[in-house]
Amino acid sequence: MTTDDTAAAHGSGALPSPWRSRRFRLFFTARSASLLADGMLMVSVTTSILAAGFGASGVGYALAAWMAPIVLLILFGGVLADRFTPQLMMVGADAARVVTMLAMAALFALGGIELWQVMALMAVSGAATAMFQPGLASIVPQVAEDIQRANALLRISESLSTLIGPGLAGFLVAYWTTAGSYVVIAAAYAVSAGGLLPLRHLSGAKEEGEAEDAPMWRRLATGWHEFRSRSWLWGVISLWAVYGLFVFGPSVPLGAALLTEQHGATGYGWIASADGLGTIVGGLLGMRVRPRRPLVAGVCAMFFFVLNPLAPALGWNFALTAVTGVIAGCGFAFWGVMWATSVQSHIPLAVLSRVSAYDIAGSIMVIPLGRALAGPAAESFGAERVLLFSSAVSFALLAAMLCVPAIRGLTRAAPQTARTAPRDGQAAAVEPAAS
């Protein structure tokens, strides 16, 4: 049922654990610190703005100020990462976020803060995030031979950070100061920069025929060509964008509201923790299970995520809802490992940051719209009906993915061919069939 990359690379045995690579350990430390800071930031911003008297609308404006630059600049972040190396862009982004968070700490420590000041600093932080994110995909294949296991470890780190970060921020705000929480966030971003700094000697692959001084628009066009030339890639992202609008968008706000109403704030917290536990389990499975067709396996696992909006819509009891949270989280995390590994092993390194930027942009661009429409839709049709619709759409879109031949037929790339994987219409070199 499963296979190991080693069979293709060395004939027998197993690829070395990512932990044996000093470069991966540095990257893992950097990524974990960055994820922890990201997890803390949303709670710190929300609590500090509410405490300053700007209300829920102020929170919305601040988060929108953070998200807008990401959506607008993410493609340019991919171009710059391929042009100047991901490591350079990511260290620069972390440095900018350290300065931004220290400025936030100073503002809240001094008092008399204005909402526009918070929005301006959050916009800078969002722009830095847009420069940081695309390079992540390009670094993983350069610091670990076993790309799938590396992605699984990173997914587990993300899950732990999602669990720990908000709680840590809440603790610091409650028992220290709001300004202090921003200082800790700045320190976490500094750790991230420190872990990435020694990776400056990573090789920088160049796209064949692309001049060093190629203009920005041409580099963007090259990334778009690489993206659209693989139907499995744009097929997933096209469907995923619809998924974000109708599933991810409504599920978070409406699901949280219904679960809090049904089980109380404490019950909702435990259910959210159960979902986090499931993502850890999914990451662990991603380390061990190596399907020959990773996207098919990932989509099949994502079918369990249909339970996420379904449980609050049907008002299931606490125990059953918590169990569905574990199962849904597991499926989502396993899909994430399979998807990241497929992209990183089938896209040439020279354009991987740009392709990753198109991936991120297509995946997140419509989620804010889905969340904005969730409230009016719930008022018109009822939150339960909206979430039932989300569950049905989730099932239909996942089934549609399995109906796309290019998605269904994509096999795991052998390590020696991963960096030169073909576009549509070219013969693919793949590893032997699973045993």
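**Exercise 1. A surface patch**

Which residues form a nonpolar patch on the surface, and how much accessible area do they have together?

*Solution.* The structure is a predicted model.

Step 1. The nonpolar patch consists of Leu72, Leu73, Phe76 and Met216. Together these residues have about 330 Å² of accessible area.

Step 2. Helix H3 (residues 55-84) supplies the largest share of the patch, namely 3 residues.

Step 3. Leucine 73 is found in helix H3. Its relative accessibility is 30%, and leucine 73 therefore counts as partly exposed.

**Exercise 2. The charged partners of arginine 97**

Determine which residues are linked with Arg97 in a network of salt bridges, and describe each contact.

*Solution.*

Step 1. In general, side chains of opposite charge can pair when their charged atoms come close. A search of the whole structure yields 7 salt bridges.

Step 2. One of these salt bridges joins arginine 97 to aspartate 38, with 3.8 Å between the closest N and O atoms. This pair links distant parts of the chain: arginine 97 belongs to helix H4 (residues 86-110) and aspartate 38 to helix H2 (residues 22-51), 59 residues apart. The distance of 3.8 Å satisfies the criterion, which places the nitrogen within 4 Å of a carboxyl oxygen.

Step 3. Arginine 97 also forms a salt bridge with aspartate 94, where the closest N and O atoms are 2.8 Å apart. Both of these residues lie in helix H4, 3 residues apart, about one turn of the helix. An α-helix has 3.6 residues a turn, so residues three or four places apart point the same way.

Step 4. Asp38, Asp94 and Arg97 are thus linked in a network of salt bridges.

Step 5. The burial of the members can now be assigned. Arginine 97 has a relative accessible area of 0% and is buried. Aspartate 94 is likewise buried. Aspartate 38, at 22% relative accessibility, counts as partly exposed, because the limit for buried is under 20%.

Step 6. Arginine 97 has a further contact: it lies over the face of phenylalanine 132, at 4.5 Å from the ring centre.

**Exercise 3. A salt bridge between distant helices**

Which side chain meets aspartate 82 in a salt bridge, and are the two residues buried or exposed?

*Solution.*

Step 1. The partner of aspartate 82 is arginine 354, at 2.8 Å, N to O.

Step 2. The two residues come from distant parts of the chain, with aspartate 82 in helix H3 and arginine 354 in helix H14 (residues 352-364), 272 residues apart.

Step 3. Aspartate 82 and arginine 354 are both buried.

**Exercise 4. Aromatic contacts**

Classify the aromatic pair formed by phenylalanine 246 and phenylalanine 389, and state which residues form one aromatic cluster.

*Solution.*

Step 1. A pair of aromatic rings is described by the distance of the centres and the angle of the planes. The count of aromatic pairs comes to 19.

Step 2. For phenylalanine 246 and phenylalanine 389, the centres are 5.8 Å apart and the planes form an angle of 80°. Because planes over 60 degrees apart count as edge-to-face, this pair is edge-to-face.

Step 3. Phenylalanine 246 is in helix H10 (residues 231-288) and phenylalanine 389 in helix H16 (residues 383-403), 143 residues apart.

Step 4. Both rings belong to partly exposed residues: the relative accessible area is 33% for phenylalanine 246 and 47% for phenylalanine 389.

Step 5. One aromatic cluster is formed by Trp232, Trp240, Tyr243, Phe248, Phe305, Phe332, Trp335 and Trp339.

**Exercise 5. Cysteines**

How many disulfides does the structure hold?

*Solution.*

Step 1. A disulfide is a covalent bond between the sulfur atoms of two cysteines. The structure holds 0 disulfides.

Step 2. Cysteine 300 is partly exposed, at 39% relative accessible area, whereas cysteine 330 is buried, at 16%.

**Exercise 6. Burial and backbone**

How many residues of helix H6 are buried, and where is threonine 85 placed?

*Solution.*

Step 1. Helix H6 (residues 135-143) is mostly covered, since 9 of its 9 residues are buried. Among them are Gly135, Pro141 and Gln142.

Step 2. Threonine 85 is placed in the loop between H3 and H4. Its phi is near 80°, a positive value in a residue other than glycine. Most residues other than glycine have a negative phi.

Step 3. Threonine 85 is partly exposed, with a relative accessible area of 31%.

Terms used. Residues are numbered from 1 along each chain as its sequence is written. This is a predicted model: local features need pLDDT of at least 70, side-chain atom pairs count only at pLDDT 80 or more; totals for chains, interfaces and linings use all residues. Side-chain values use heavy atoms; hydrogens and water are left out. Rings of Phe, Tyr and Trp (its six-membered ring) pair if their centres lie within 6.5 Å; planes under 30 degrees apart count as stacked, over 60 as edge-to-face and the rest as tilted. Helices (H or I, at least four residues) and strands (E, at least two) are DSSP runs, numbered from the N terminus. Buried means under 20% relative accessible area, exposed over 50%, partly exposed in between (1.4 Å probe, protein chains only). A charge sits over a ring if NZ of Lys or CZ of Arg is within 6 Å of the ring centre and within 35 degrees of the ring normal. Patches are made of residues with over 30% relative accessible area and no salt bridge: like charges are joined within 9 Å, nonpolar side chains (Val, Leu, Ile, Met, Phe, Trp, Tyr) within 5 Å. Accessible areas come from the Shrake-Rupley method with a 1.4 Å probe; for residues, only the protein chains shown count as cover. A disulfide is a pair of cysteine sulfur atoms within 2.5 Å.
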